[in-house]
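Here are my notes from a look through this one, set out point by point. Have the viewer open while you read.

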Amino acid sequence: MNKQISLLASLVFAVLFVGAHPASASELEYRCSKPPLEVTFAVKDRHYSGAVNCGNLFLQSDIPTAPVVRWKDADQAKLYTLMVLDFDGNANGSWPDPVAPGENATVRHWIVGNIPGALLRGTGYVESASDSGIKTMSVLQPYRAPHIPMVSDRYGIYLFEQAKRIDFAAVTGPITNFDYTTFLDTHQLGNPKASNFFVAIYTSESPFSGKPFHGNNVAGTWHQGYGKGKLAPSQN
């Protein structure tokens, strides 16, 4: 009888332990949560709005600095991790056509941990040179502006809620082929609480520069039959 009770207790403990362990993170997608994560760039020369809005477009040259990130539903007592990832990574083609990830995917562009929820609910988080000296912040990957050689890439922005303060190990190595699932599972971050995404477009010259606009000559790399009437290659 005692053995049966002991076995039952062990099974109950095992179920409770497994149930309490955070589930592994799902594969991330370009997605806009409801409400979306508020992300605002200070667009160079203010030619257009810097607000990220579920897949809107930015000229790559107009967003060299990190945006302000806010989330009105953040818990003031919690800490959060922010990530910006490019899953296109040198894809053969780009938006608006569906294409498979490129050989560099996934590319990490920004990772910051231990961001106070109160900051996200208030003025918002924006990277600064002093972040590394703030004990509550952990800048693991400083913001790296989109840097694509042609056409366009999409960029996903994700906010994860932490169960507690995390003593993050340094994130090293190339920014390409980043194993984000292992990173999320290692730190038990689960699935994002909020997200948004945008598209950055390469141009040979900014349309606002006053210089001739040569467009995106991608004739040598664009999918056969794709892009016609959308992002047609320049004839120059």
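1. In β8, which residue is the bridge partner of F58? It is A200. Keep in mind throughout that this is a predicted model.

2. That bridge belongs to the pairing of β2 with β8, the strand made of residues 194-201. The two run in the parallel sense, and four bridges hold the pairing. β2 itself covers residues 56-59.

3. Now step back to the whole sheet. It is open and built from six strands, and if you walk across it you pass β2, β8, β7, β4, β5 and β6 in that order. The pairing is mixed, with β2 and β8 as a parallel example. At the edges sit β2 and β6 (138-141), each of which has a pairing on one side only. Going from one strand to the next, the twist averages 20°.

4. On to the cysteines. The count of disulfides comes to one, and the pair is C32 with C54, whose sulfur atoms lie 2.0 Å apart. The angle about the S-S bond is -40°, making the link of C32 and C54 left-handed.

5. What does the disulfide tie together? C32 lies in the loop between α1 (2-20) and β1 (38-40), while C54 lies in the loop between β1 and β2, so the link joins parts that are 22 residues apart in sequence. So both ends are in loops, on either side of β1.

6. Are the two cysteines buried or exposed? Neither label fits: C32 is partly exposed, at 21% relative accessible area, and C54 is partly exposed too, at 34%. For C32, the cut-off for buried is under 20%, so I'd word its 21% with care.

7. Last, the interior. There is one cavity of 30 Å³ or more in the structure, and its volume is about 50 Å³. Its lining draws on F41, P67, V84, H109, W110, Y143, R144, P146, Y155, I157 and F198.

8. Which strands each supply at least two residues of that lining? They are β5 (107-116) and β7 (152-162); both are also members of the six-stranded sheet. By character, the lining residues divide into nine nonpolar, one polar and one charged. R144 is among the residues lining the cavity, and arginine is counted as charged; H109 lines it as well.

Key: Residues numbered from 1 in each chain as written. Predicted model: local features only at pLDDT ≥ 70, side-chain atom pairs only at ≥ 80, totals over all residues. Heavy atoms only, no water. 1 Å grid on protein atoms, 1.4 Å probe; cavity = no way out; pocket = protein on both sides within 12 Å on 5 of 7 lines; lining within 4 Å. Points joined across faces, edges and corners; volume = space filled by probe spheres on them. Disulfide = S-S within 2.5 Å. Buried < 20%, exposed > 50% of the residue type's maximum accessible area, 1.4 Å probe, protein only. Pairing = 2+ DSSP bridges. Axes fitted to C-alpha atoms, helices over the stretch in contact; angles between N-to-C directions.
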